[in-house]
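Student: I would like a close look at how the strands are arranged here. Please take me through them slowly, and finish with the ligand site.

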Amino acid sequence: MNKKTSPKEPLVTHIYTADPSAHVFEGKIYIYPSHDLDQDIPSNDNGDQYMMEDYHILSMDDFNSPCVDHGEALHLRDIPWASKQLWAPDAAYKNNTYYLYFPARDKNDIFRIGVATSASPAGPFKPEKNYIPGSFSIDPAVLVDDDNKSYIYFGGLWGGQLEKWETGTYNPDATGPSGSEPALGPRVAELNDDMLTFKEAPQEISIIDEDGNPIPAGDEERRYFEGPWVHKYNGYYYLSYSTGSTHYLVYAISKNPKGPYVFKGKILTPVIGWTTHHSIVQFGDKWYLFYHDSSLSGGIDNKRCVKYTELKYNEDGTIQTIDPYK
Ligand code: FUB
């Protein structure tokens, strides 16, 4: 059994973990991370170093408890449509069922989003035979809203292939907008009640500045890169995401789950390692940021570790910027 967890320290050290999606299910904190393998693969912009093959689900009774690894919950070999790279997952609960959403490359090397189901939040999860029809790119995050409608957010640049879907169909040669053009936004689609299919074609989310102008693709400190997460606070939807090449976690807010979202600021300054990816969850009367860095491996991009820390709001609803090492 691992010892009690501490803020800004690795949640577990016996395996490498990343991309934590945290939820409160059945009164406990469940964390759905990627499982980084202990492999030495040179890093490139296509993300070839992230060769993950399975998922392990973690849980904690509360923030004074040890973190439990529930073992292998889903493996690549059991997903009929997938060929490689089980990247950042998320989970949701509805219909007395737990749903695990995950990206992987299909047999044509195109990233798609799959779903698997379980009666338990800890798994094991049984995958659907095919990926979600109409899905593409990476980093699914699902919000079950207060009115019981569910939305899936997804998309990531570069290795995540979002540029290649700019026109709505896959173009392997597409490179995305130029620096002065509006940046690509994450995609959102409402899910059907079955939680297994899209109710509608995915739409692009617009992220704008306080004057209503779209954030341009060249504004790398603010433009969307990957890792969307949407939570609600005081009646507003908060869309948070990674800026990728500038290594920030930032956020924008809206009154509508599909946006447009108004850019507000930074949540987390850069961590050790190239990627930064997170989730935000309320437990009791406090809010927490789950994130990762590469500190456990001494800075190796594809050997990361999941951490958490408290997240605080100002009176006006803005989020206080967190330094991961102070
Ligand atoms: O873990 C693989 C990829 O790295 C994720 O899908 C991205 O968000 C980035 O963290």
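Tutor: Two strands pair if DSSP finds at least two bridges between them, and the strands themselves are DSSP E runs of at least two residues, numbered from the N terminus. What you see is a predicted model, in which local features need pLDDT of at least 70 and side-chain atom pairs pLDDT 80 or more, while totals for chains, interfaces and linings use all residues. Residues are numbered from 1 along each chain as its sequence is written, and side-chain values use heavy atoms, without hydrogens or water.

Let us begin with strand S12, which spans residues 187–191. Of its 5 residues, 5 are buried (under 20% relative accessible area with a 1.4 Å probe, protein chains only; exposed is over 50%, partly exposed in between). S12 is therefore largely enclosed by the rest of the structure. You can follow this on both faces: Arg 187, Ala 189 and Leu 191 lie on one side, with Val 188 and Glu 190 on the other, and all of them are buried. Strand S11 (residues 150–154) runs antiparallel to S12 and is joined to it by 5 bridges. Within that pairing, Phe 154 has Arg 187 as its bridge partner. S12 is also joined to strand S13 (residues 203–204), again antiparallel, by 2 bridges. Here Arg 187 turns up once more, with Glu 204 of S13 as its bridge partner.

Now move to strand S3, residues 54–60. With 7 of its 7 residues buried, S3 is largely enclosed by the rest of the structure as well. Asp 54, His 56, Leu 58 and Met 60 point one way from the strand, Tyr 55, Ile 57 and Ser 59 point the other way, and all are buried. Strand S2 (residues 28–36) pairs with S3 in the antiparallel sense over 3 bridges, and strand S4 (residues 68–75) pairs with S3 in that sense over 5 bridges. Leu 58 is a handy residue to follow: it is the bridge partner of Ile 31, and its own partner in S4 is Asp 69.

Further along the chain there is an open sheet of 5 strands with mixed pairing, in the order S14-S18-S17-S16-S15. Its edges are S14 (207–208) and S15 (226–233), each of which pairs on one side only. Inside this sheet, S17 (residues 249–254) and S18 (residues 261–268) pair in the antiparallel sense over 5 bridges. Ala 252 stands opposite Phe 263 of S18.

Finally, the ligand. Among the residues around it (a heavy atom within 4 Å) are Asp 19, Met 52, Trp 87, Ala 88, Asp 139, Glu 226, His 277, His 292 and Arg 304. The side chain of Asp 139 has an N or O atom 2.6 Å from a ligand oxygen atom. For the side chain of His 277, an N or O atom lies 2.7 Å from an oxygen atom of the ligand. Ala 88 uses its backbone instead, with an N or O atom 3.5 Å from a ligand oxygen. The protein covers 99% of the 280 Å² of accessible area (Shrake-Rupley method, 1.4 Å probe) that the ligand has on its own.

Conventions: Helix = DSSP H or I, 4+ residues; strand = E, 2+ residues; numbered from the N terminus. Polar contact = N/O pair within 3.5 Å; in protein donor to acceptor, adjacent residues only side chain to side chain.
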